[in-house]
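Me: I am new to reading protein models and would like a close look at one small part. Could you walk me through it and then show me how it fits with the rest?

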Amino acid sequence: MLKPVLFVLLLLFPAFALADSADKSGEKQYRMEEQFKKADKDNDGTLTKDEAKAMPHVAKHFKEIDTDKDGTVSMDEIRTFMKSHKDDAHKRGEESFKKADKDNDGTLTREEAKAMTNVYKNFDAIDTDKDGTVSLEEVHNFMKAKREQNKTTKPQAN
């Protein structure tokens, strides 16, 4: 079974650096919490709309994140928002793969992969069986290996 969250986040949305909720002790979570602390100018544990401007993705989705509609967002609200949107991101990733798969054979040729920049850029590394195509499973395996590699090369938060 593919791990959809990992695939989509690493492949399609690397710029959405708010959180990797599945790895709460990891570097991304630590950085998000540090960004939050810096943005929280009055140190009240929440961000106003103005404070959220320091975290562009939070500011962009402020109304959605502010589930209790109190005009502020907490770290818990941000985490909940991120977690709830991971499945949606996976579905969009699969749809992108299917859309790029013009002949509907379940794989992407190098030409088809042009529609997915990161897949195209890493095509040779992803194509582990060297058959000239990449499957969704090969893409997943490549991204999983990259994630594991990044875990061992980046320091973890205390």
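What relative accessibility does E33 have, and what does E33 count as on that basis?

Reply: Happy to help! Please keep in mind that this is a predicted model. E33 has a relative accessibility of 25% and counts as partly exposed. The label fits because buried means under 20% and exposed means over 50%, with partly exposed in between.

Now let's see what E33 does with its side chain. E33 forms a salt bridge with R79, and their closest N and O atoms are 2.7 Å apart. E33 sits in helix α2 and R79 in helix α6, so this pair joins distant parts of the chain, 46 residues apart. The pair is also part of something wider, since E33, D76 and R79 are linked in a network of salt bridges. As a general idea, side chains of opposite charge can pair when their charged atoms come close.

Helix α2 offers another example. K37 and E34 meet through their side chains in a salt bridge, with 3.6 Å from N to O. Unlike a link between distant parts, this one stays inside a helix: K37 and E34 both lie in α2, three residues apart, or about one turn of the helix. The two partners fall into separate classes: K37 is exposed, with a relative accessible area of 53%, whereas E34 is partly exposed at 26%.

There is a further pair to look for later in the chain. The side chains of D124 and R110 form a salt bridge of 2.5 Å, N to O. D124 belongs to helix α9 (residues 123–126) and R110 to helix α7 (residues 110–113), and this pair links distant parts of the chain, 14 residues apart. D124 is partly exposed at 47% relative accessibility, and R110 is partly exposed at 37%. In total, the count comes to six salt bridges.

Let's go back to the two helices joined by E33 and R79, and turn to the nonpolar side chains. The largest nonpolar core has 14 residues, and F36, L47, M55, V58, I65, V73 and I78 are those with the most contacts inside it. Two or more residues of this core come from each of α2 (27–39), α5 (62–65) and α6 (75–100). The largest share, four residues, comes from α6. A second, separate core has 13 residues, including F97, A113, M116 and F123.

One of those names, F97, leads us to T107. T107 is placed in strand β3 (residues 107–109) and counts as buried at 16% relative accessibility. That value falls in the buried class because the cut-off is under 20%. Beyond its neighbours within four places in sequence, T107 is in contact with F97, D101, E112, T133, V134 and S135.

The loops are worth a visit too. N43 is in the loop between α2 and β1 (46–47), and its phi is near 55 degrees, a positive value in a residue other than glycine. N43 is exposed, with a relative accessible area of 64%. K69, in the loop between α5 and β2 (73–74), has a phi near 50 degrees, again positive in a residue other than glycine. K69 counts as exposed at 57% relative accessibility. A54 lies in the loop between α3 (49–52) and α4 (56–60) and is exposed, with a relative accessible area of 54%. A54 and D40 are 14 residues apart in sequence and 9.1 Å apart in space, C-alpha to C-alpha.

Finally, let's step back to the whole protein. There are ten helices and four strands, following the pattern α-α-β-α-α-α-β-α-β-α-α-α-β-α along the sequence. Of the 158 residues, 39% are buried. The accessible surface comes to about 9600 Å², and 52% of it belongs to carbon and sulfur atoms. Among contacts with a separation of 6 or more, 47% are between residues 24 or more positions apart.

A word on confidence: the protein averages a pLDDT of 81, and 77% of the residues score at least 70. Over residues 4–25, however, the pLDDT is below 50, although this stretch has 61 contacts in the model beyond near neighbours in sequence.

Conventions
Residues are numbered from 1 along each chain as its sequence is written. This is a predicted model: local features need pLDDT of at least 70, side-chain atom pairs count only at pLDDT 80 or more; totals for chains, interfaces and linings use all residues. Side-chain values use heavy atoms; hydrogens and water are left out. A nonpolar core is a set of buried Ala, Val, Leu, Ile, Met, Phe, Trp, Tyr and Cys residues joined through side-chain atoms within 4.5 Å. Buried means under 20% relative accessible area, exposed over 50%, partly exposed in between (1.4 Å probe, protein chains only). A salt bridge is a side-chain nitrogen of Lys or Arg within 4 Å of a carboxyl oxygen of Asp or Glu. Contact means heavy atoms within 4.5 Å. Accessible areas come from the Shrake-Rupley method with a 1.4 Å probe; for residues, only the protein chains shown count as cover. pLDDT is the predictor's confidence in each residue, from 0 to 100.
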